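Open the model in your viewer and keep a selection box at hand. The stops below each name what to select and then say what is there.

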Amino acid sequence: MTIPTRTLGTTGPQVSALGLGCMGMSALYGVADRTESIATIHAALEAGVTLLDTGDFYAMGHNELLIGEALRTAPAARREQALTSVKFGALRGPDGGWSGYDGRPAAVKNFAAYSLQRLGVDHIDVYRIARVDAGVPIEETVGAIAELVEQGYVRHIGLSEVGADTIRRAAATAPIADVQLEYALITRGIEDRILPVTRELGISVTAYGVLSRGLISGHFTTDRQLGASDFRAHSPRFQGENLQRNLTLVEQLRKLAEQKGVSVAQLAIAWVLSRGEDIVPLVGARTRERLTESLGALDVVLDAADLAAIEAAVPADSAVGDRYPSAMMAHLDSEH
């Protein structure tokens, strides 16, 4: 398979049309197998995936160390093609708790220094604060990243979970290549205000949660037991009646997938791919099996009739339940 490429904005790098979100290999979705995780990253690179997405706070640095090991043990040619996208700024405690975000310029540079060491690289390709620090103007945070660009430690500036006004302010400070936002068939809030602004300004979107944390993967069932450390055990969309109603949408999607001879996950990823060349879906595959399934979405062609059928089966705003628990929703700046 040859993976097509897309470009991150007008200032960013050319990347594979699908990126690999590595968070689940370290945190928030239950126990992961380290050996299989590294094998999955290697398989992704071998298949032509170039964009590896992480956060320095995913299991308090574990995820960056994991990626660093995978890069170190990959063939040189594959290692050189890899592009790192790193989120920073989330503050954690020894107990794993969350205590806000830090976007001060000194903190930005401190976070970057640790990420470079853990990843084992001399630069980060796209660097972005995970959530806006309400106590620090975005201009100051972005300005600090711009200094890292000037010094060669960062190649491109990104944003994450920000609203239209913040995007404009950031872009007036320094060139922004990409904004990372949750976007999926059942999570479409960015279409109203944010996408028009990113497109006006020539900024791409890396879309995370394209399978809504497995909810619309076709593999999630009502009897699945979730551990206390699994994010979904606390997510409103996975609770009680909400889960029942949301899985009804998945079954409607399954009928369409079966008609096309593809999996539910492949249809859902293909839908995100169809939304524009400026959108790069991140798939959160934790195993080689799931990676292979996700990559199969690149071969799915959706015509106008297919897209209309998908819209009819899963209309916008048809999912029930917020995408984060209320305490986490309070930190979002992205208007969706």
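Begin with strand 4: Leu51, Asp53 and Gly55 lie on one side, Leu52 and Thr54 on the other, and all of them are buried, which leaves both faces covered. The model is a predicted one. Because five of the five residues of strand 4 (residues 51-55) are buried, the strand is largely enclosed by the rest of the structure. In a regular strand, side chains alternate between the two faces of the sheet.

Now add the neighbours of strand 4. Strand 3 runs parallel to strand 4 and is joined to it by two bridges; select Leu20 and its bridge partner in strand 4, Leu52. Strand 5 also runs parallel to strand 4, with five bridges between them. Here Leu51 stands opposite Leu83 of strand 5.

Zoom out to see where these strands belong. Eight strands close into a barrel with parallel pairing, in the order 3-4-5-8-9-10-11-12. Neighbouring strands of this sheet are turned by 30° against each other on average, direction ignored. Strands of a sheet pair through backbone hydrogen bonds, either parallel or antiparallel.

Follow the order onward from strand 5. Four bridges connect strand 5 with strand 8, and the two run parallel; Val86 has Tyr127 as its bridge partner in strand 8. Select residues 124-129 to show strand 8: six of its six residues are buried, so the strand is largely enclosed by the rest of the structure. On to strand 9, which pairs with strand 8 in the parallel sense over three bridges. Select Ile124 and, opposite it in strand 9, Val154. To trace the connection, colour helix 5 (residues 138-151): the chain passes through it from strand 8 to strand 9, in a right-handed β-α-β crossover.

Next, select residues 204-208, which form strand 11; five of its five residues are buried. Which way do its residues point? Ser204, Thr206 and Tyr208 point one way from strand 11, and Val205 and Ala207 the other way. Strand 10 (residues 178-182) runs parallel to strand 11, and five bridges join the two. One pair to display is Asp178 with its bridge partner in strand 11, Ser204. Between these two strands the chain goes through helix 7 (residues 194-201), and this β-α-β crossover is right-handed.

On to strand 12 (residues 279-283), which is parallel to strand 11 and joined to it by three bridges. Val205 has Ile279 as its bridge partner in strand 12. Strand 12 also pairs with strand 3 (residues 19-21), in the parallel sense and over two bridges. Leu20, selected earlier, has Val283 as its bridge partner in strand 12.

The last stop is a pocket. The second largest pocket has a volume of about 350 Å³. Select Leu71, Arg79, Gly120, Val121 and Asp122: of the 20 residues that line this pocket, these are the closest to its centre. Helix 2 (62-73), helix 3 (76-81), strand 5 (83-88), helix 4 (105-119) and strand 9 (154-160) each give two or more residues to the lining. Which element gives the most to the lining of the second largest pocket? Helix 2 does, with five residues. Coloured by residue class, the lining of the second largest pocket divides into eight charged, six polar and six nonpolar residues.

Technical notes. Residues are numbered from 1 along each chain as its sequence is written. This is a predicted model: local features need pLDDT of at least 70, side-chain atom pairs count only at pLDDT 80 or more; totals for chains, interfaces and linings use all residues. Side-chain values use heavy atoms; hydrogens and water are left out. On a 1 Å grid over the protein atoms alone, a cavity is a set of points where a 1.4 Å probe fits but cannot get out, and a pocket is an open set with protein on both sides within 12 Å along at least five of seven lines; lining residues have an atom within 4 Å of a point. Grid points are joined across faces, edges and corners, and a volume is the space filled by probe spheres set on the points. Ala, Val, Leu, Ile, Met, Phe, Trp, Tyr, Cys and Pro count as nonpolar, Asp, Glu, Lys and Arg as charged, and the others, Gly among them, as polar. Buried means under 20% relative accessible area, exposed over 50%, partly exposed in between (1.4 Å probe, protein chains only). Two strands pair if DSSP finds at least two bridges between them. A crossover is right-handed if, with the strands pointing away from the viewer, the path from the first strand over the helix to the second runs clockwise. Axes are lines fitted to C-alpha atoms, for helices over the stretch in contact, and angles run from 0 to 180 degrees between N-to-C directions.
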